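Got your viewer open? Let's take a walk through this one, one selection at a time.

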Amino acid sequence: MLSRRLVLAGTAALLAPTWASAQEAPSEVLVESDGARLFARLYAPPGRARYPVMVIVFGAGLESELDAIYTQMMVSAFTSAGIGVIAYDKRGVGRSTGTYTGSDFAVLGEDAAVVADYARAQAAVSGVGIWGVSQAGWIIPYTVARAPW
């Protein structure tokens, strides 16, 4: 188990400088959703005037995932493929306001849909997708049911 952790930590350490140099600084925005202000970061792929954007929906938890290694790996993977990313703190988490809803998937799905709407409204954005793991698998169906794309 120890060697597996070292490999993961070593891989993250080797990739970290690549993330910093390959990414442009994200735009930080507040997106209004039913009385909450969702803090989000929009990452544009370098060198692209128009691009699709992937909304990252995080799983369960009371901590912000915006600066997590996992998030930075996803941002790096998508932006290097010419796809922008918008990632946000769930309501009541990190720099977002409102009350944390835990497993109210309808509310969390609406929040993700509002973030997707924000991304779609940007002039440079040519399309929007939704991506996530874990609890996001319960949230995303509510998102697409609200605004099918």
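Before the first stop, a handy rule: the expected span of a helix is 1.5 Å times one less than its number of residues. Keep in mind, too, that you're looking at a predicted model.

**Stop 1: helix α2.** Select residues 69-80. How far apart should the ends of these 12 residues be? At 1.5 Å a residue, the helix should span 16 Å, and its end C-alpha atoms are indeed 16 Å apart, so the two agree. Now show the side chains: several residues here are buried, among them Met-74, Val-75 and Phe-78. Thr-71 and Gln-72 are buried as well. Click on Gly-82, just after α2, and you'll find a positive phi of about 85 degrees.

**Stop 2: the sheet.** Next, colour the five strands of the open sheet, which go in the order β1-β2-β4-β3-β5 with mixed pairing. Which strands stand at the edges? They are β1 (27-33) and β5 (125-132); each has a single partner strand, so one side of each is left without a neighbour in the sheet. Neighbouring strands are turned by 30 degrees against each other on average, ignoring direction.

Zoom in on β2 (residues 36-43) and β4 (residues 84-88): they run antiparallel and are joined by four bridges. Pick Arg-41, and look for its bridge partner in β4, Ala-87.

**Stop 3: helices on the sheet.** Select α3 (residues 105-120), which packs on the sheet and touches β1, β2, β3 (51-57), β4 and β5. The direction of α3 makes about 130 degrees with that of β1. Last, select α4 (residues 136-146): this helix lies across β3 and β5, running at about 140 degrees to β5.

Key
Residues are numbered from 1 along each chain as its sequence is written. This is a predicted model: local features need pLDDT of at least 70, side-chain atom pairs count only at pLDDT 80 or more; totals for chains, interfaces and linings use all residues. Side-chain values use heavy atoms; hydrogens and water are left out. Helices (H or I, at least four residues) and strands (E, at least two) are DSSP runs, numbered from the N terminus. Buried means under 20% relative accessible area, exposed over 50%, partly exposed in between (1.4 Å probe, protein chains only). Two strands pair if DSSP finds at least two bridges between them. Axes are lines fitted to C-alpha atoms, for helices over the stretch in contact, and angles run from 0 to 180 degrees between N-to-C directions. Contact means heavy atoms within 4.5 Å.
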